[in-house]
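Welcome, and thank you for taking a look at this model. Below is a short tour of its contacts, cavities, cysteines and charged pairs.

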Amino acid sequence: MQFHHHGYVSGDPRVQEAAGTGIDRPEELPEEVDVLIVGSGPAGMITAAQLSQFPSITTRVVERRGGRLAIGQADGIQARSVETFQAFGFAERIITEAYRITEMAFWRPDLKDPTRIVRGGRAVDDTTGISEFPHLIVNQARVLDYFAEVALNSPTRLTPDYGWDFSSLEVTGDGEYPVKVTLVRSGGADDGAVRIVRAKYVVGADGARSKVRDSIACTMDGDKANHAWGVMDVLAKTDFPDIRTKCAIQSHDGGSILLIPREGGYLFRMYVDLGVVPEEDKGAIRNTTIEEIIGKANKILHPYTLDVRNVAWHSVYEVGHRLTDRFDDVRPEAIGSVSPRVFITGDACHTHSAKAGQGMNVSMQDGFNIGWKLAHVLEGRSPESLLSTYSAERQVVAKNLIDFDKEWSTMMAKKPEEFENPNDLEDFYVRTAEFPAGFMTTYAPSMLTVEPTHQELATGFPMGKRFKSARVSRVCDTNPIHLGHHATADGRWRIYVFADPSVAGAQSPVSELAKWLSTSPKSPLAATAKGLDADAWFDVKVIYQQAHEDIDINAVPAVFKPDVGPFQLTDFELVYGVVLDEDIFDSRGISRDGAIVVVRPDQYVANILPLCATAELAEFFDRIHTGQSI
């Protein structure tokens, strides 16, 4: 974390100085806002946390509940989400309080006595080192708390407006605030009061029964739910030996359980198979009592017993897989001629089972994706056409998620005798680990992501996939750090310059690139609005092929050591050498001739170029940035 560059900070450096819309922020919901977010779930709160970093943008979050979420339904946090938490500054703290998954145990009927279950195998959670971050279990409510803290500590001092229920919206097309939103007070002395808010943009993060989705006439299609599960968070006395290990438990005739230990050392979650839902059920399965769920769980666990002492939460849900036809308000025939004004995220546009642990994770990536794009358009950095990439990118991700979840939930519902091999479930879990970990997302070529023409220059950074961090040595203080951990959620593009073998200060492709970046009117840095710091829109780093002790930091070009803040202090923390026992050039397949790797504000690789390809770099950013700012 960097601070003090605006003057001495004696308090918590995570609390930024109020600025822009955060100065004298009105407590009452304004009549006009730049972005209105409906719903304070994971998708809504990460969108809010991202937008809160932009002082010139008025963002408000409305939530029908009267206050914070107390008990969240989602709990699985994949490694990709923890990488995202790192960008928002709270990965380390949430890891400390979370349960960490390192293995999954697979239980099945004993061949000698099928009425009894036995452990059939174990699978390591991450066998390939796909991320330096772990797979976690933590209450959704705590995730929301952390994002709320980020928003509150931001320059805009953003907090949710609780007690407002969304009623309807209309895209009028009139004036600067063309979206007319009708809200209804959902509690308090003025319960039922109606309020009209006009917005430039609206983000619907209001769940599976989204009224925002209905307001823009999105169609949600998919499979009818045909299998039911009882889910419970409980404290219990049990002799089941793997009660603190994630387990898939299959019984001979009693169904199956997915066991998820929870944070804190005692609480655990069970998804208990309630079987196929009859056609004539008409929702009756949802009336299954907690006593019936516990009884079913005990039958599956035989010969082990489960004595439930406390139930924190329980529910019954039917597995259904549904996806909307689009994620914004622009109908297919109008794409390219009309810019979207309303967006839907998370469960509002994709629903599936909870057993793959993807709902909250994919929803947060929806919010991360749309958040920075709205900020760039509202600040005048980028054209409105940028917003059309949201639906195009995220709908594909949701479709892939649903396809995966169909296969996983079908396998979880199978009887043991229906598998060709007893290890099929375990093998599927290991074989597909990259997808549930959140790392299969690959954005297709668009205005934001180019064709992989120069992929051979950095094979470890696949085009369109998230930037996989690796360790480097920071020259100024000799600290070994993870390069990707400094990519904070500040809306900036990252330009990583991986140097050729030349030393700092020598005439080389890097020195030529540095000169062009700092002096050419075609350089993307030239688009940065006047009056802002040189690094306000772009985070430019250089990684040399030498160890830190062999790099003369005074010889490093100035573009990699920008002067920032009111005192124009030099930022020395953007210059790196290699860690000799973990050379990033080797571990990420980077050409020894050097390369430029461009990474989006949401951490996905957008472009890879040779060091000399300045014209291509300029062309890439020309279509993204307008060069103007409000």
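Two residues are in contact here when they have heavy atoms within 4.5 Å. This is a predicted model, so local features need pLDDT of at least 70 and side-chain atom pairs count only at pLDDT 80 or more, while totals for chains, interfaces and linings use all residues. Residues are numbered from 1 along each chain as its sequence is written, and side-chain values use heavy atoms, with hydrogens and water left out.

**A strand residue and its neighbours**

Let us begin with Thr182, which sits in strand S10 (residues 179-185); helices (H or I, at least four residues) and strands (E, at least two) are DSSP runs numbered from the N terminus. Leaving aside residues up to four places away in sequence, Thr182 touches Asp165, Phe166, Ser167, Ser168, Val194, Arg195 and Ile196. With a relative accessible area of 17%, Thr182 is buried. Buried means under 20% relative accessible area, exposed over 50%, and partly exposed in between (1.4 Å probe, protein chains only).

**Cysteines**

How many disulfides does a search of the whole structure find? The search finds zero, a disulfide being a pair of cysteine sulfur atoms within 2.5 Å. For Cys218, the closest cysteine sulfur is in Cys349, 8.2 Å away, which is too far for a bond. Cys218 counts as buried at 10% relative accessibility, and Cys349 also counts as buried, at 0%.

**Cavities**

Searching the whole structure turns up two cavities of 30 Å³ or more. On a 1 Å grid over the protein atoms alone, a cavity is a set of points where a 1.4 Å probe fits but cannot get out, and lining residues have an atom within 4 Å of a point. Grid points are joined across faces, edges and corners, and a volume is the space filled by probe spheres set on the points.

The largest cavity holds about 110 Å³ of space. Its lining has 13 residues, with Glu83, Phe467, Ser469, Gly484 and Gln603 lying nearest the centre. Helix H2 (residues 79-88) gives the most to this lining, with three residues. The second largest cavity has about 30 Å³ of space, and residues including Val503, Tyr544 and Pro557 line it.

By class, the largest cavity is lined by five nonpolar, five polar and three charged residues, whereas the lining of the second largest has six nonpolar, three polar and no charged residues. In this scheme Ala, Val, Leu, Ile, Met, Phe, Trp, Tyr, Cys and Pro count as nonpolar, Asp, Glu, Lys and Arg as charged, and the others, Gly among them, as polar.

**Salt bridges**

Side chains of opposite charge can pair when their charged atoms come close. The structure holds 40 salt bridges, each a side-chain nitrogen of Lys or Arg within 4 Å of a carboxyl oxygen of Asp or Glu. Three of them are set out here.

| Acidic residue | Basic residue | N to O distance |
|---|---|---|
| Glu63 | Arg65 | 3.5 Å |
| Glu393 | Lys373 | 2.8 Å |
| Asp490 | Arg492 | 2.9 Å |

Glu393 belongs to helix H8 (residues 388-413) and Lys373 to helix H7 (residues 359-378), so their pair ties together parts that are 20 residues apart in sequence. Glu393 is buried at 7% relative accessibility, and Lys373 is buried at 0%.

In the first row of the table, Glu63 is buried at 7%, while Arg65 is partly exposed at 26%. Asp490 is partly exposed at 23%, and its partner Arg492 is buried at 14%. Salt bridges also link Asp490, Arg492, Arg494, Asp535, Asp539 and Lys541 in a network.

Technical notes
1 Å grid on protein atoms, 1.4 Å probe; cavity = no way out; pocket = protein on both sides within 12 Å on 5 of 7 lines; lining within 4 Å.
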